[in-house]
Structures are given as C-alpha cells and as structure tokens.
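Dear colleague,

I am handing over the structure below for your consideration. My findings follow directly after it.

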Amino acid sequence: MSKAGYSISNLVADLRDICANFTDEHEILIRVRPLAQRAALSKDAWLEKRFYQADSDQGFGVYLLYEEPDHRLAIFALSWLPNRGAPPHDHGTWAVVAGVDGPEKNVFWERVDDRSRAGYAEIKKTGEKVFDVGDVIAMPQGTIHSVWNETEAVTLSLHMYGKHINYTERSQFDPKSRTQRPFKVKVTGW
Ligand SMILES: [Fe+2]
C-alpha cells in the first residue's frame, strides 16, 4: 500500500469485489461512492503531472488508469482546460466522478422527447452543482450531464465507469439544435 494509503490498484481490487458481489446498479453506486472519495483524496498515491496535459481540440484530457480486458470497470483521470468542458452527454453505463483538483461545474439534464426520431433529442436542464475536491457524483445509467471548468486553471477529476465509455452506446446532445449523436473521446493510455 502506498504512503497515501489508497492507490489505483487498491481501488481496482475494491471495485472488482463490489462488481463481483452486486449486480444492482444502486447497490454498486452506494458502495463505489466512498471509495471514489477516498481515492480522490489520496492523489499522492497515483496522480502524475502528465495527467494535466489536456487535449486542446476536445477541451479535456482523458487518461486511462485501468480497464478490464472486456472493457468493463474502467478508471480514468480527466483534466479540464480553463473555460472548456464537455457537452451534455450520457455514459451508457453507471458513472462515478470525484473531484481531485479544482472545482468543476456540472449541469444535469433530462430527456423530454419521446425518442421516436433517430438523431433527434430534446433535453431540458434540471439543475447544476459545482463539485470541488473530494465531492462525488454518482450517476445511474441514463443520467445526462455536462461539465464546465469555470476557473482559470486546469482542473482534474477521477472517473470510474461500469464500462469503458468508448465501448458503450452513448450519446452527446445539443439542446439548441435538438440533436443526438455518438460521443467518443480521445483517450491516452499508460
Ligand atoms: Fe460524464
């Protein structure tokens, strides 16, 4: 175990244990939440300087810290450039995000159309919250949110998912043009 007490391999072992023992998403999320917070507050055990190098095209950097061979149970560090963010999107699986360095604004959305037209989606804002260091967001599958870094510095958060997000059927949404399209991200591995 590291000096900070909780490394990514510690987190992986605990997440694997939870997913082996529970299939109900709610049961998984309530158990993952405190682990995510613990890992976020133990950044000395795993955080590397290079994770702060966000991709200027997409506005954020995605660093893969772990995934199962079948892409399940994926863990990422995400860095967010100042005044950049991610559009409204879902994940195609459960998602838990913990703040590691700096506040990140999350806006939550709800799908309100009848889903009868391919590529068409109406979403409406339901709330927003700024998540800071050690705060955790646990999102069941189907949750739609957008993320924005309102600060003047690069922020960083720790993300864990029931499956690698480029291997789920997930979408990004544009509330103005009322469109829905696939959402893939550029990922940097180890
Ligand atoms: Fe997300």
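Asp174 stands opposite Thr179 in strand S11. This facing pair belongs to a hairpin in which strand S10 (residues 171-174) and strand S11 (residues 179-182) are joined in the antiparallel sense over 4 bridges. Please note that the model is a predicted one. Between the two strands of the hairpin there are 4 residues, and Arg178 takes a positive phi near 55° there. Arg178 is not a glycine, despite that positive phi. Its place is in the loop between S10 and S11, and with a relative accessibility of 41% Arg178 counts as partly exposed.

A second residue other than glycine with a positive phi is His71, where the value is near 75°. His71 is found in the loop between S1 and S2. Its relative accessible area is 22%, so His71 is partly exposed; buried would require a value under 20%.

I turn next to the sheet. Five strands form an open sheet in the order S1-S2-S9-S4-S7, and their pairing is antiparallel. Strand S1 (60-66) and strand S7 (136-139) stand at the edges; each has a single partner strand, and therefore one side of each is left without a neighbour in the sheet. From one strand to the next, the twist averages 20°.

Strand S4 (residues 95-101) has pairings with both S9 and S7. With S9, which runs antiparallel to S4, there are 6 bridges, and Val96 stands opposite Met160 of S9. With S7, the pairing is again antiparallel and extends over 4 bridges; here Val97 stands opposite Ile137. S4 is mostly covered, as 6 of its 7 residues are buried.

Two helices should be considered together with this sheet. Two packed helices are described by the angle between their axes and the distance between the axes. For helix H1 (residues 8-21) and helix H2 (residues 25-40), the angle is about 175° and the axes are 10 Å apart. An angle over 145 degrees counts as roughly antiparallel, and H1 and H2 therefore stand in that relation to each other. On the H1 side, the contact is made by Leu11, Asp14, Leu15 and Ile18; on the H2 side, by Ile28, Arg31, Val32, Leu35 and Ala39. Sorted by class, the residues in this contact are 7 nonpolar and 2 charged, with no polar ones.

Each helix also lies across strands of the sheet. H1 lies across S1, strand S2 (72-80) and strand S9 (155-163), and runs at about 140° to S2. H2 lies across S4, S7 and S9, and runs at about 20° to S4.

The length of H1 was also checked. At 1.5 Å a residue, its 14 residues should span 20 Å, and the C-alpha atoms at its ends are 20 Å apart, which agrees. The buried residues of H1 are Ile8, Asn10, Leu11, Val12, Leu15 and Ile18. Among the elements that cover them are H2, S1, S2 and S9. Leu11, Leu15 and Ile18 thus appear both in the list of buried residues and in the contact with H2.

Finally, which residues does Trp46 contact, leaving aside its neighbours within four places in sequence? They are Tyr6, Ile8, Ala39, Phe51, Leu65, Ala77, Val100, Leu156 and Leu158. Trp46 itself is located in the loop between H2 and S1. Its relative accessible area is 6%, so Trp46 is buried; the limit for that class is under 20%. Of its contacts, Ile8 is one of the buried residues of H1, and Ala39 is one of the residues through which H2 meets H1.

Trp46 also gives a reference point for the hairpin described at the start. Trp46 and Arg178 are 132 residues apart in sequence, and their C-alpha atoms are 40 Å apart in space. Trp46 is buried, whereas Arg178 is partly exposed.

Yours sincerely

Note on methods. Residues numbered from 1 in each chain as written. Predicted model: local features only at pLDDT ≥ 70, side-chain atom pairs only at ≥ 80, totals over all residues. Heavy atoms only, no water. Axes fitted to C-alpha atoms, helices over the stretch in contact; angles between N-to-C directions. Parallel < 35°, antiparallel > 145°, perpendicular 65-115°, else oblique. Contact = heavy atoms within 4.5 Å. Nonpolar A, V, L, I, M, F, W, Y, C, P; charged D, E, K, R; others polar. Pairing = 2+ DSSP bridges. Expected span 1.5 Å × (residues − 1). Buried < 20%, exposed > 50% of the residue type's maximum accessible area, 1.4 Å probe, protein only.
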